[in-house]
Amino acid sequence: MRARKFLAFLLFPVLFAPVVVFAQAHDASVANHQPHYYDVADWDIQPTDVTYADHIAPILQRSCIQCHRPGGGGPMSFMSYEEVRPWAPVIMYRTAIRDRMGAMPPWYVEKDIGIDGFESDYSLSDMDLAMIQAWARNGAQRGNPDNEPAPVVFSDSDAWTVGEPDLILRGPDVTRPPIGPDWWGDIGLVETGLSEDRYVRSIEVREFNDVPADLDSNTVGGRYIFHHMTYTSGILSGDGSYVEQDSRVSWPIHEVGRNADVFSEKAGRLLQANSALHLGAAHMHSNGRETTGHLEFGITFFPVGYEPAYTRRGPRTGNGVDVDIVPNKANQQIHNYVVLQQHTKVMAFEPHLHAPGVRMCLEAIWGHNNFTLNCVGYDHNWVKQYMYKDDKAPLLPKGTILHTTAYMDTTTSNPNLADPRNWAGGGRRSVSNMFIDLGYSVSLTEEQFQAEMATRRANMKDRNDYDVGCPLCWAPAVEQSVAQGND
Ligand code: HEC
């Protein structure tokens with residue numbers, strides 16, 4: 001026992017040292033976007049040596065051309081030097097604002113604070129930014145064309161960004177008039193045709209419509225009629241007219257421009273035998289021409305026989321109702337607190353605000369420690385889910401307070417606002433407000449929580465290595481404290 005007490009004594013300062021990583025007083029106003037500028041010489045590269053062929057094309061291939069190509073979502077193509085060159089100064093600016101509204105690529109996780117470890121992260125590194133800046137400032141040289149990477153060839157199946165689906169479900173056709181008020185409602189059921197229960201690995205929703213592919217439109221608004229849709233699934237009733245209430249499974253929201261959802265290996269989502277999707281709340285809008293369109297759901301499955309380790313969903317954070325946003329004011333903060341009733345693993349963070357939203361932070365308060373898990377910028381033109389890598393996802397003990405902070409900017413600097421002069425409360429329309437984290441978490445049993453922490457500790461180099469999402473990783477094991485109590 002003596003040795004153990006000694007150990008506990010040693011651990012004491014480690015456990016209770018104030019690991020205070022408070023969110024800095026932060027200017028989130030749109031007017032004060034600070035570009036991130038770097039000097040490429042810090043990476044031992046001569047600024048004038050940076051060329052399209054050697055340095056820039058590989059960056060564009062990795063992070064841009066999935067959208068910036070003919071038929072992609074971006075307004076111009078970046079597939080060749082000729083196409084890219086005129087945009088060099090704009091590319092420099094849009095990439096330098098990095099995590100703020102309007103940044104390219106649209107990926108707004110702030111890199112200077114919190115957890116670094118997301119799936120499908122196509123954001124740019126400091127060195128990428130430095131190279132783009134040196135290149136744009138020194139005449140956007142092509143370099144030797146022989147050094148350009150082979151062009152990426154996109155096939156039709158690449159249109160599904162997470163691979164060829166195992167099952168494609170087609171929603172009903174909907175027609176919108178050229179001009180009309182937004183419409184919101186239930187558009188019915190889509191039978192899955194499954195004869196056995198299957199667990200979903202990924203789901204991706206796409207709109208198909210009769211808008212010409214070569215339509216010259218600089219906004220996604222002209223190309224689509226589905227603004228967003230929330231939907232569920234479940235077992236079909238005997239007469240096939242509804243899904244059984246107690247079998248319901250909810251799915252990530254579909255929103256125009258949103259990325260596909262890939263579920264964790266440990267938390268595949270159930271699609272039952274004899275089930276249907278219920279497209280319960282579609283929000284449609286007119287786009288200037290009569291348009292008929294439908295949604296398709298591209299689904300990939302885990303293998304037959306797969307069982308998820310975690311099936312219980314954690315709480316949702318945010319507050320959609322009591323939001324009070326005053327006119328013409330930057331840096332308005334609103335806060336929400338949730339006390340975790342179970343050990344919880346946060347799988348994904350998805351800030352959801354409306355037009356005034358510019359930033360959201362997620363913090364874990366454990367005892368007197370306050371961990372900033374992540375802060376991300378927000379642009380209501382893009383809604384993004386940030387999924388944590390399995391070995392980086394926050395592992396929070398029950399009793400932790402999850403604290404979400406939203407930052408709003410209702411000044412004329414915020415281009416997403418319809419009118420900066422109006423007060424706005426909570427509501428479903430973009431001109432009203434929401435404040436929710438649409439990401440998701442799972443509840444863990446004591447055993448699962450300990451097992452996850454053991455894996456985490458095994459990945460750490462030594463006791464000075466530190467996991468900001470795992471406040472108890474280095475705490476003494478529970479058995480030890482119990483033994484001491486009985487001493
Ligand atoms: C997920 C799709 C997507 C990715 C990835 C993406 N873009 Fe874009 N980009 C868009 C869309 C859509 C727009 C038009 C809306 C806007 O301006 O924000 C745009 C606009 C731009 C503009 C502004 C054009 C103008 O008219 O001023 C630039 C510059 C740009 N992107 C550069 C890039 C670069 C460089 C990358 C990679 C580092 C990149 N984008 C990655 C979709 C994307």
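Visitor: Which element supplies the largest share of the shell around the ligand?

Guide: That's helix H4, which gives four residues to the shell. Keep in mind that we're looking at a predicted model.

Visitor: How many residues surround the ligand, and which are the closest?

Guide: The shell has 18 residues, and the closest are Cys64, Cys67, Gly74, Met104 and Pro105. A residue gets into this shell if its C-beta atom lies within 6 Å of the ligand.

Visitor: What kinds of residue make up the shell around the ligand?

Guide: You'll find 10 nonpolar residues, seven polar ones and one charged. Cys, Met and Pro count as nonpolar and Gly counts as polar, so among the closest residues Cys64, Cys67, Met104 and Pro105 go with the nonpolar group, while Gly74 goes with the polar one.

Visitor: Let's stay with Gly74. Where in the chain is Gly74 found?

Guide: Look in the loop that runs between helix H2 (52–63) and helix H3 (81–84).

Visitor: Why is Gly74 called partly exposed?

Guide: Count the C-beta neighbours inside 10 Å and you get 15 for Gly74. Buried needs 20 or more and exposed needs 12 or fewer. A count of 15 sits in between, so Gly74 is partly exposed.

Visitor: Which residues does Gly74 touch, leaving out those up to four places away in sequence?

Guide: Cys67 and His68. To be in contact, two residues need their C-beta atoms within 7 Å. Gly298 is another story: it is 224 residues from Gly74 along the chain, and the two C-alpha atoms are separated by 22 Å.

Visitor: And the other pair by the ligand: what joins Met104 and Pro105?

Guide: A cis peptide bond, with omega at about -10°. Pro105 itself lies in the loop between helix H4 (88–96) and helix H5 (126–137).

Visitor: Tyr108 is in the loop between H4 and H5 too. Is Tyr108 buried or exposed?

Guide: Buried, because 24 other C-beta atoms lie within 10 Å of its own and the mark for buried is 20 or more.

Visitor: Which residues does Tyr108 touch, again leaving out those up to four places away?

Guide: Asp99, Ala103, Val376, Gly377, Tyr378 and Lys384. Take Val376 as an example: Tyr108 and Val376 are 268 residues apart in sequence, yet their C-alpha atoms are 5.2 Å apart in space.

Visitor: What makes Ala140 stand out?

Guide: Ala140 has a positive phi of about 50° although it isn't a glycine. You can spot Ala140 in the loop between H5 and E1.

Visitor: Asn328 has a positive phi as well, of about 45°. Which of the words buried and exposed goes with Ala140, and which with Asn328?

Guide: Ala140 has 21 C-beta neighbours inside 10 Å, and 20 or more is enough, so Ala140 is buried. Asn328 has 12, and 12 or fewer means exposed, so Asn328 gets that label. Asn328 lies in the loop between strand E13 (317–318) and strand E14 (332–339).

Visitor: Now the strands. How do you know that strand E1 (167–170) and strand E12 (291–301) pair?

Guide: Pairing takes at least two bridges. E1 and E12 have four, in the antiparallel sense, so they pair. In one of the links, Leu169 has Phe297 of E12 as its bridge partner.

Visitor: How many bridges does E12 make with strand E2 (174–176), and how many with strand E5 (198–209)?

Guide: E2 and E12 pair over three bridges, antiparallel, and Val174 is partnered by Gly293. E5 is joined to E12 by nine bridges, also antiparallel, with Val205 opposite Phe297.

Visitor: What order do the strands take in the open sheet that includes E14?

Guide: Four strands run E14-E21-E17-E18, with antiparallel pairing.

Visitor: What makes E14 and strand E18 (369–377) edge strands?

Guide: Each of them pairs on one side only. On average, neighbouring strands of this sheet are turned by 20° against each other, direction ignored. Between strand E17 (357–366) and strand E21 (401–408) there are eight bridges, and Gly357 stands opposite Met408 in E21.

Visitor: Last one: how is the chain divided?

Guide: Into domain 1 (1–19 + 310–487), domain 2 (33–154) and domain 3 (157–301). The centres of domain 2 and domain 3, taken over C-alpha atoms, are 32 Å apart.

How values were computed: Residues numbered from 1 in each chain as written. Predicted model: local features only at pLDDT ≥ 70, side-chain atom pairs only at ≥ 80, totals over all residues. Helix = DSSP H or I, 4+ residues; strand = E, 2+ residues; numbered from the N terminus. Domains from an automatic or database assignment. Axes fitted to C-alpha atoms, helices over the stretch in contact; angles between N-to-C directions.
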